[in-house]
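Me: I would like a close look at a single part of this protein. Please keep the sentences short and take me through it step by step.

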Amino acid sequence: MSEQPRRPRKPGKPYRRPQKDLVRILAFEALRAVDERDAYANLVLPPLLRKAREKEGPEKFDARDAALATELVYGTLRRQGTYDAIIADCVDRPLREVDPPVLDVLSLGVHQLLGTRIPSHAAVSASVELARVVLGDGRAKFVNAVLRKVARDDLDGWLERVAPPYDEDPEDHLAVVHSHPRWVVSALWDSLGGGRAGIEELLAADNERPEVTLVARPGRATPEELLREEAAVPGRWSPYAVRLSEGGEPGAVEAVREGRAGVQDEGSQLVALALANAPLDGPDRRWLDGCAGPGGKAALLGALAAERGAFLLASEKQPHRAGLVARALDGNPGPYQVIAADGTRPAWRPGSFDRVLVDVPCTGLGALRRRPEARWRRRPEDLEGFAPLQRGLLRGALEAVRVGGVVAYATCSPHLAETRAVVTDVLKQHPGTELLDARPLLPGVPGLGEGPDVQLWPHLHGTDAMYLALVRRTS
C-alpha cells in the first residue's frame, strides 16, 4: 500500500503547549473554591500552599511564590467589587452572563494590572497563559481582549470612569471606589456617625493586608519570648500581644506550635482582658465563656483565670467547634472544662458564674480585612437571622451570672443592629442590670468615644472592629 500524502499544514502560528504557572493556577483554584463551595480563603489557601511546597519536581514552590499567590487571592477578593465594575465596562454582555471561571481569571488579571507592580505586558501574558491551561484556547482569546482594554488605563483612571460622582451618589461612589457592597457602606457609615473622612479611612483599612498578631498566654509564654522571633514587634494595646511584620510565619514560632501562644487579633485580646479586669462585687472563682469556639478568647481567659485560681467553663454549641476549643485550651495550667452546650438553653444553674463572656455569632463585618469574601456573601437580611440568637445568648449570660458579677457582650461587627440595639433591647427586659464604663479597662487605647460601651476600628486602632459592652447584674 502506498503511503498516503500528509495534509499540508494551514498557515499560521504553530501550536504551542500552554505554560503552567503554579502560582497563578493555585490562586485560581483558591478563588474557585471560594466561589463554588462558599469556602473561606483563610481556610482554603494554607493547605493549597502546603501541597505546592511539598510537590516534587524541577519547579520548586518557594516563599516568594507563596507570598505572590496569597497576594493574588486576597487582593482579588478585596477589590472584587471595583474589578467587576471595570470588567463590566470592557465586555459586551451583562457580567452575570460571563462564566464564573472566566470571571475569576479576568479578576486575577485585573488585580495584577491595577493592584500590583507586575508590568502590564507580563500581567496580560500570564493571565492569558492561565486561561489557556484552565479554560482552553477559545476563552483565552476573550481574556486577552478584555485585559488589553483594561491595560489602557491605571486604577485612578478607571475609577473616574466607572464610579458615580460622590456629589451625586456618595454611597455608590464609595462602594465602587473602595469595593464594598452599598448596604455595607451605609451600615458602617451609620456606625461611625457620619463624615466622609472617617468612612473613607475605614473602607480603605478594610482593603489593607492585616498584620499577624500573636498572644502570649499568661503563665505559659511571655511577650519577651515571642519578641525574640524574627520580624516580631510589640503589640500596640494588649500587654500580651506581639505583631509579626510582613513575611512572619506563625507556624514557625515554637510557642505557637506548642499551644503556649496563639494567633489572636489584638481587639479580641482586649475584650478578654476587659472582662477579666472588670470590678466585681464578691468572689471571683468561676468564669464562663458561653460562645467559646474556636477558642482564642477561651485560651486567654483560661490562662488569666489560672493565675487567680479561678475555674473556666468553655461552652460551644457545635461539637466540632468545641473540639477546637479543647485543642486551644490543652495544657492550660489552671482548672477548666470544655462542653458542647447551647448558651440559650443553659446546661448550668442560674447565677453560677462570677464572670461571663458571650462573643456572639454575627455578620463578621468587623473582620473584612481577614475574610474579604464575607462582604460579598452577606446580605442585609442576615441581620434578622442573627438577631434572635444574639439576644438569646445575652439573656442567657445575664441569667448565668450571679448578682454582683459581670457579663461581657462582644461581637466582631460594628453594625448597630448587632451591637447597641441588642444590648439596649435585652437590658430593658432585665431591670436588675447596669452598664459599666468599659473604656478604663482598655488603658492607653485612644478614640473610644463617649462610652460606656466600646467600638474598636481597623483605621483607628489597627484591630478588627470588635464591639464590647460590660454589664453588671445588680439584682
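Where is the place of Ala292? Please start there, then go on to whatever else helps me read the model.

Reply: A reminder before we begin: this is a predicted model. Find strand S5, residues 286–289, and then helix H15, residues 296–308. Ala292 is in the loop between the two.

Now look at its surroundings. Ala292 is buried, because its relative accessible area is 4% and the cut-off for buried is under 20%. Set aside the residues up to four places away in sequence, and Ala292 still touches Ala298, Ala314, Ser315, Glu316 and Val325.

The loop holds another feature. Pro294 also has its place between S5 and H15. A cis peptide bond joins Gly293 and Pro294, with omega about 0°.

Move on into helix H15, where Lys297 is found. Is Lys297 buried or exposed? Its relative accessible area is 11%, so Lys297 is buried. Its contacts, leaving aside neighbours within four places in sequence, are Gln264, Ser268, Val271, Asp289, Leu357, Asp359 and Met466.

A record ties these residues together. The unreviewed UniProt entry carries the annotation "binding site". That annotation covers Cys291, Ala292, Gly293, Pro294, Gly295, Gly296 and Lys297, and also Glu316, Asp342 and Asp359. Compare this with the contacts. Glu316, which is in the annotation, is one of the residues that Ala292 touches. Asp359, in the annotation too, is among the contacts of Lys297.

Next, some backbone details elsewhere. A cis peptide bond also joins Gly451 and Pro452, and there omega is about 0°. Pro452 lies in the loop between strand S10 (433–436) and strand S11 (454–455).

Then turn to phi. Asp38 has a phi near 55°, a positive value in a residue other than glycine. Look for Asp38 in the loop between helix H1 (22–37) and helix H2 (41–54). Ala231 is not a glycine either, yet its phi is positive, at about 70°. Its place is in the loop between helix H12 (223–227) and strand S2 (232–234). With a relative accessible area of 28%, Ala231 is partly exposed.

Finish with a pair of helices. Helix H5 spans residues 100–114, and helix H7 spans residues 137–150. They pack at an angle of about 30°, and their axes are 10 Å apart. Angles under 35 degrees count as roughly parallel, and H5 and H7 are therefore roughly parallel to each other. Their crossing is right-handed.

Which residues of H5 and H7 make the contact? From H5 come Val102, Val105, Leu106, Gly109, Val110, Leu113 and Leu114. From H7 come Arg139, Phe142, Val143, Val146, Leu147 and Val150. The residues of this contact divide into eleven nonpolar, one polar and one charged.

One last stop follows H7. Arg152 lies in the loop between H7 and helix H8 (155–162). Its relative accessible area is 68%, so Arg152 is exposed. From Arg152 to Leu103 is 49 residues in sequence, and 19 Å in space, C-alpha to C-alpha.

Definitions and conventions. Residues numbered from 1 in each chain as written. Predicted model: local features only at pLDDT ≥ 70, side-chain atom pairs only at ≥ 80, totals over all residues. Heavy atoms only, no water. UniProt positions renumbered as here; feature names shortened; annotations may be inferred. Helix = DSSP H or I, 4+ residues; strand = E, 2+ residues; numbered from the N terminus. Buried < 20%, exposed > 50% of the residue type's maximum accessible area, 1.4 Å probe, protein only. Contact = heavy atoms within 4.5 Å. Axes fitted to C-alpha atoms, helices over the stretch in contact; angles between N-to-C directions. Parallel < 35°, antiparallel > 145°, perpendicular 65-115°, else oblique. Left-handed = near helix turned anticlockwise from the far one by under 90°. Nonpolar A, V, L, I, M, F, W, Y, C, P; charged D, E, K, R; others polar.
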